[in-house]
Amino acid sequence: MSEPAPTPAKNDDLLVAMSVRKEFGGLLAVNDLDFAIPQRAIVSLIGPNGAGKTTFFNMLTGLYKPTAGAVIFDGHDVTGKPPHTITKAGIGRTFQNIRLFPQMTALENVLVGMHSRLKGGILGSIFGTPRVRREEREASEKARELLSFAGLRRVDHELAESLSYGDQRRLEVARALATEPKLLLLDEPTAGMNPQETVAFLDFVSKLREQRTIAILLIEHDMKVVMGVSERVTVLDYGEKIAEGTPHEIQHDERVIEAYLGKAATG
Amino acid sequence: MALIGLTTGAVYALVALGYTLVYGILQLINFAHGDVFALSGLFATTMIGGAVFGLTDTSTTLGVVGGLAATFVIAAVFGAAVNSSIEFVAYRRLRSAPRLAVLITAVGMSFIVQNISLAIYDVNARSIPPLISGSSVFNISGVVYTWDAFFVVLVTAPVLVLLTWLVKSTRQGKAMRATSQDPEAAAIMGINVNRTISFTFALAGALAGIGATLYLVEFNIRYDTGFTLGLIAFTAAVLGGIGNLTGAVLGAILIGMIQAFNEGLSWNAPGTAWTKSIVFGILIAILVFRPEGLLGERTPEGA
Amino acid sequence: MASSGRRARASVRGYRQRAVRASRLSRVAEAWGTLPERTRSLTPVVIVVALAVTYPFYVDSVPTNIPVIKTVPPLHDAVTILVFVMMGVGLNIVVGYAGLLDLGYVAFYAIGAYTAGWLASGQFEQVKVHFGAVGIPSSATGIHISIWLVLLIAAVVTAVGGILIGLPTLRLRGDYLAIVTLGFGEIIPQFVRNGDELHGFDLTHGTFGISPIDPPGFGHTLNSAIGLPVRYDESFPPTPDRLFFWTILALILLTLFCSMRLRDSRLGRAWIAIREDETAAGAMGIPLMRTKTWAYAGGAFFGGIAGAYIATFNSGAFPTQFDFNISVFLLCMVILGGMGSLWGVVVAGTILAWLNFDGLGNIGSWINTTLLPSSHQIDVPKYSFGIYGIIIVLMMLFRPTGLIPERRRKREIEEATHGGPLDQPLYEMRGADEPGAGERGEPGKIPRG
């Protein structure tokens, strides 16, 4: 099989990562990766454990600084910028191991997501100026809408730590949506879910795509999810891209099968 | 001045090693470490002074050597016992707790230990009679080398050698290093993590006990001596690179020299009243500009 | 035979009486439950505030031989106690809301006190600046600005100090942050102690401190207009202490008000998010350094006011007041009360401050006179810091959310509806992130969604 054709970076791609590289001391986690996400696309990133998927995610969101390479988002260079700047630019995310704010309610978790879109400052908050009060009211309404959208309206005053696992996953998405992202990064969102929950989540993601003009990048292990919802799939192994294409193409790509199952499987 | 610098430097080294050993394995600053030092020192004064060994400046040389040697050992055991009990009582239960909680507990333990010292030994400073004479051992081209300076080296050098051997070559040492790198992997490899951690604390405590006895040769100790001394020793550990044993010693020597310089040269340096500020200034500067210290490695950033 | 019958009747009667009492109580409880939420939550506040405001009127009539505690603090001590409670509320913003382990809060206290010393005393005898000071002869040298203004200036100066201290400090990780704040908590008092000879200039008057410091007051014009006192310290006794007492009460209420408002604001949510999970907070768009700095500045602001106020109350600022122990003492208030819990820090703070200034002495002498033989007397106040240490460790091991946890009301609601998470050891709760976790540990909980 020939090398996967590099994704032609079109000018109107939402996100373009060029030759992105991450080294941890002697360990090379991501090796000169080129990656692009078109506007309003749903793409998936898959690969065996340790392939560098979450590391790549973390570089896109500013948690790690790339050792080399560049990330251009929505026309702006966001390489190595701190997380809050990147979030403000329009990338939102969930975490592989759920990272909600345990002692805050579901509603408050979502409100935190809106931090960069609100303006209320210290004095306004202390004095309770009409402008801040209105902003807070509107924010709460919007947050409740998001919670309804995620099917969490009935638990909006429950502490995040006491929600069921499935609810927590969806709350994380609601919170990420509150940051008003143009690109949503979902890191293994269906991990630990049973088949019913997974199907429900799939519907949720489709609903999401229909109602909002956002692009979604998914890291997933559950192939049903990947195949069911992605327009394009990229496969990573040992920090490198080994295949990219439609779900159907990937399913039949020898290199992919080899990566997952070992050389013996391709015989 | 040189003697004081040497003694304090050596003592800082021993205490700094204690901090760095514990930090290496648990990523915890054992705030109570300095107070363990003080308590061990106070305990040592009762050993040497009154009822137990009854050493005075008129005791025989053999008596002095024997008594002191025994005290070093006893103080080491005492320090080891105190430090590992602290770990067992307070830190062990909080192994999976958020860092903030363990840190706060460490602060609380520091105060408890200090108060135990206060309760048993009261507010007065205690010291031991001058057992090591200031007479010269030998005289090399005008530089006098006195017995008490020699004594400091005599005690510290073998301890450092023993420690290095322990960490590098013994099984316990390997267990310590493995656990500090990755506790879960170490557990899978069959290392008893709890026992290793206790051992580390005991080792650190023993070093504190030896350091305290050494300190008594030149200075006196009070229930709260550990606070300042502990912070200075901690700065030394950070200066050298926290987690790095050689660094701890190096940092201690540097800090000892800086302090001696500051306090000895009253005509040009700020003086004793400013020592704490200078040491803290150094600590802040290191943490801001070179947090890995002189010999440490840059840790990879990440969540 | 007859006696057993009498006894049986008596016990039945007793039973009936208890039953009636119980039903009356439950009726009261029911009625209480029907009051609107707002009234229910405000009532304890109103009661406490009323008790506090009227304290000067009944403090002297409290008996002085109550077992164990002997008596309540006299008004003069009560002022000091309240100043420290205010500092506790200030520290709560830094430690309780934002989760930053600040071990050097005493630095803010010192900056506030010395700002008052500089702006309201004869310290700077080289100049003569008068602005709104009361009761100072116009010939007096030094800077004499109205205390009310000084409080505000001290707050701002301390907040700026906090921001400056925060610049190198707040980018550090938990342990190092703690040690560095401790460092500043040591450097500033050391600076103050030695600040009488900075190349010949006497900035802080060294170990003697700055004294006297002008008293607060409202001056003659306001006095003739609406009867406010001219100078606090020259009012007829017992009013001086009363005036100081009511003023500090007002200051505390102001601090609590601001704290509450901040807690429910965008900034407060950001702080708590940082406390809960700093990485996630950053990923949600919260600028970490800036937000932490605001927490620090906020805590410093109120610490500065408290410091300046106690300086004018004591008519002096002395280096011996500032000690690492105080920072830990304040930390103990926040831990005991519950990180982030305003009720908690006020209640715990009042108890601890009272213990520190009066209580341990009282308890000690009670123990010594009633429990111990005269040959084995113990000096309880000497071990005060050991006691605070024990409190801290015990709380961390067994009840890390504090006496009055921040989320008590929400938890109570939860517990009522489905056997809340309080049954679980607190520290294992953070594990709901393992794949396949399913429903996490609440007994009897019906799986949902």
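Here are some questions and answers about a predicted model.

Reader: How are residues, chains and ligands labelled, and what does pLDDT decide here?
Author: Residues are numbered from 1 along each chain as its sequence is written, while chains are lettered from A and ligands numbered from 1 in the order in which they are written. In this predicted model, local features need pLDDT of at least 70 and side-chain atom pairs count only at pLDDT 80 or more, whereas totals for chains, interfaces and linings use all residues.

Reader: Which helix gives the most to the largest nonpolar core?
Author: A nonpolar core is a set of buried Ala, Val, Leu, Ile, Met, Phe, Trp, Tyr and Cys residues joined through C-beta atoms within 7 Å. Buried means 20 or more other C-beta atoms within 10 Å of the residue's own, exposed means 12 or fewer, and partly exposed is in between, with C-beta atoms placed from the backbone. The largest such core has 298 residues. Its top contributor, with 15 residues, is helix α4 (residues 75-97) of chain C.

Reader: Which residues have the most contacts inside the largest core?
Author: Contact means C-beta atoms, placed from the backbone, within 7 Å. Leaving aside neighbours within four places in sequence, B:Ala233 touches several residues, including B:Tyr12, B:Ala16 and B:Ala252. The residues with the most contacts inside the core are B:Ala16 and B:Ala233.

Reader: How many residues of helix α10 of chain C are buried?
Author: Helices (H or I, at least four residues) and strands (E, at least two) are DSSP runs, numbered from the N terminus. Helix α10(C) covers residues 266-276 and is mostly covered. Among its buried residues are C:Arg266, C:Trp271 and C:Glu276. The count is eleven of eleven.

Reader: Why is strand β8 of chain A largely enclosed by the rest of the structure?
Author: In a regular strand the side chains alternate between the two faces of the sheet. Here A:Ala215, A:Leu217 and A:Ile219 point one way, A:Ile216 and A:Leu218 the other way, and all are buried. Strand β8(A) is largely enclosed because its buried residues number five of five.

Reader: Which residue of β8(A) is the bridge partner of A:Leu183?
Author: Two strands pair if DSSP finds at least two bridges between them. Strand β7 (residues 183-187) of chain A runs parallel to β8(A), with five bridges. The partner of A:Leu183 is A:Ala215.

Reader: Which strands are at the edges of the open sheet β2-β1-β4-β5 in chain A?
Author: The four strands of this sheet pair in the antiparallel sense. Seven bridges join β1 (residues 15-24) to β2 in chain A. Pairing on one side only marks the edge strands, β2 (27-37) and β5 (76-77) of chain A.

Technical notes
Two residues are in contact if their C-beta atoms, placed from the backbone, lie within 7 Å.
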